[in-house]
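Biologist: I have a new chain on my screen and I want to learn to read it. Shall we go through it together, one question at a time?

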Amino acid sequence: MNSTKFLFLHKKFTGWQKLLSKCLFLVVCLFIISMQPAYAGLNDDRYDGNMFVVYAGNGSLVPSKLTLAQSLAEHKPVFLAFYLDDSSDSKRYAISISRVQEFYGRVVEIIPISVDSIALKETYDPTEPGYYYSGSVPQVLVFNQSGQVVLNKKGQVPFEEIDDEFRKIFDLSPRTETAQLKRRAFNEFSSELAK
């Protein structure tokens with residue numbers, strides 16, 4: 001039985017079969033060697049997945065629960081953030097958007113909008129995100145309960161500016177001290193989620 005079990009291993013290859021197998025092996029090796037690793041990071045403009053999951057440890061932001069039109073119709077305050085998953089500026093700002101959700105997620109509709117998802121049109125209604133987009137990311141807007149824009153800024157808007165606007169909207173007392181927002185290491189996100 002042993003002799004029949006490994007019969008295929010003792011089969012003699014002819015010259016052209018040996019050449020073909022060596023060529024195939026060489027092509028596979030060259031393919032593996034020539035592949036570039038997929039590098040993406042916080043400081044580059046490469047796409048590496050949902051930036052809120054990867055850089056803010058928060059996958060609950062996308063997709064948002066309500067649209068801008070629904071939120072405005074319900075007279076709910078809105079935090080609208082324009083971003084791109086492959087923008088280093090947006091990646092660095094993801095933690096700030098997540099922080100807004102941490103403090104105001106129960107009373108404010110937080111709507112992150114990928115700029116790539118905005119349909120190109122001649123004109124937009126004031127209930128559509130494209131109406132407010134100014135052409136750069138990140139861009140944040142804060143709407144009060146009446147649907148008025150009380151904050152519209154581009155770039156790395158500090159959390160404190162957004163917090164100040166929500167404190168005015170909800171008639172909260174001003175902050176007594178400002179804590180600097182610091183980026184946590186990736187493994188801190190993992191350990192926090194494990195709790």
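Biologist: In which helix do Arg92 and Asp89 both lie?

Modeller: Keep in mind that this is a predicted model. Arg92 and Asp89 are three residues apart, about one turn of the helix. The helix that holds both is α5.

Biologist: How far apart are the closest N and O atoms of Arg92 and Asp89?

Modeller: Side chains of opposite charge can pair when their charged atoms come close. The cut-off for a salt bridge is 4 Å between the nitrogen and the oxygen. Arg92 and Asp89 do form a salt bridge, and their closest N and O atoms are apart by 2.5 Å.

Biologist: Is Asp89 buried, partly exposed or exposed?

Modeller: Buried means under 20% relative accessible area, and exposed means over 50%. Asp89 has a relative accessible area of 32%, so Asp89 falls in between. Arg92, with 31%, is also partly exposed. For Asp89 the answer is partly exposed.

Biologist: Which residue does Lys168 form a salt bridge with?

Modeller: Look in helix α6, three residues from Lys168, about one turn of the helix. The closest N and O atoms of this pair are 3.5 Å apart. The partner is Glu165.

Biologist: Of Lys168 and Glu165, which one counts as buried?

Modeller: Lys168 has a relative accessible area of 58%, so Lys168 is exposed. The other residue has 14% relative accessibility, which is under the 20% cut-off. The buried one is Glu165.

Biologist: What is the N to O distance where the side chains of Lys121 and Glu128 meet?

Modeller: Both residues are partly exposed: Lys121 has a relative accessible area of 41%, and Glu128 has 22%. Their side chains meet in a salt bridge. The N to O distance is 2.7 Å.

Biologist: How many salt bridges does the count come to?

Modeller: We have met the pairs Arg92 with Asp89, Lys121 with Glu128 and Lys168 with Glu165. They are among the salt bridges in the full count. That count comes to six.

Biologist: How many disulfides does the count come to?

Modeller: A disulfide is a covalent bond between the sulfur atoms of two cysteines. Cys23 is partly exposed, with a relative accessible area of 41%. Cys29 is partly exposed too, with 27%. The count of disulfides comes to zero.

Biologist: Now the strands. Through which helix does the chain cross from β1 to β2?

Modeller: Strand β1 (residues 78-83) and strand β2 (residues 109-114) pair in the parallel sense over six bridges. The β-α-β crossover between them is right-handed. The chain crosses through helix α5.

Biologist: In β2, what is the bridge partner of Leu80?

Modeller: Leu80 is in β1, on one side with Val78 and Phe82. Phe79, Ala81 and Tyr83 are on the other side, and both faces are covered. In β2, the bridge partner of Leu80 is Ile111.

Biologist: In which sense do β1 and β3 pair?

Modeller: Their pairing runs over five bridges. Two of the partners are easy to find: Val78 goes with Phe143, and Phe79 goes with Val142. The sense is antiparallel.

Biologist: Why is β3 largely enclosed by the rest of the structure?

Modeller: In a regular strand the side chains alternate between the two faces of the sheet. In β3, Gln139, Leu141 and Phe143 point one way, and Val140 and Val142 the other way. The strand is largely enclosed because the number of its five residues that are buried is five.

Biologist: Which residue in the turn between β3 and β4 has a positive phi?

Modeller: β3 and β4 pair in the antiparallel sense over five bridges, and Val142 has Leu151 as a bridge partner. The two strands form a hairpin with five residues between them. The phi is about 85 degrees, and the residue is Gly147.

Biologist: Is Pro174 buried or exposed?

Modeller: Pro174 is in the loop between α6 and α7. Its C-alpha atom is separated by 7.3 Å from that of Asp164, ten residues away along the chain. Pro174 has 67% relative accessibility, so Pro174 counts as exposed.

Key:
Residues numbered from 1 in each chain as written. Predicted model: local features only at pLDDT ≥ 70, side-chain atom pairs only at ≥ 80, totals over all residues. Heavy atoms only, no water. Buried < 20%, exposed > 50% of the residue type's maximum accessible area, 1.4 Å probe, protein only. Helix = DSSP H or I, 4+ residues; strand = E, 2+ residues; numbered from the N terminus. Pairing = 2+ DSSP bridges. Right-handed = clockwise from strand over helix to strand, strands pointing away. Disulfide = S-S within 2.5 Å.
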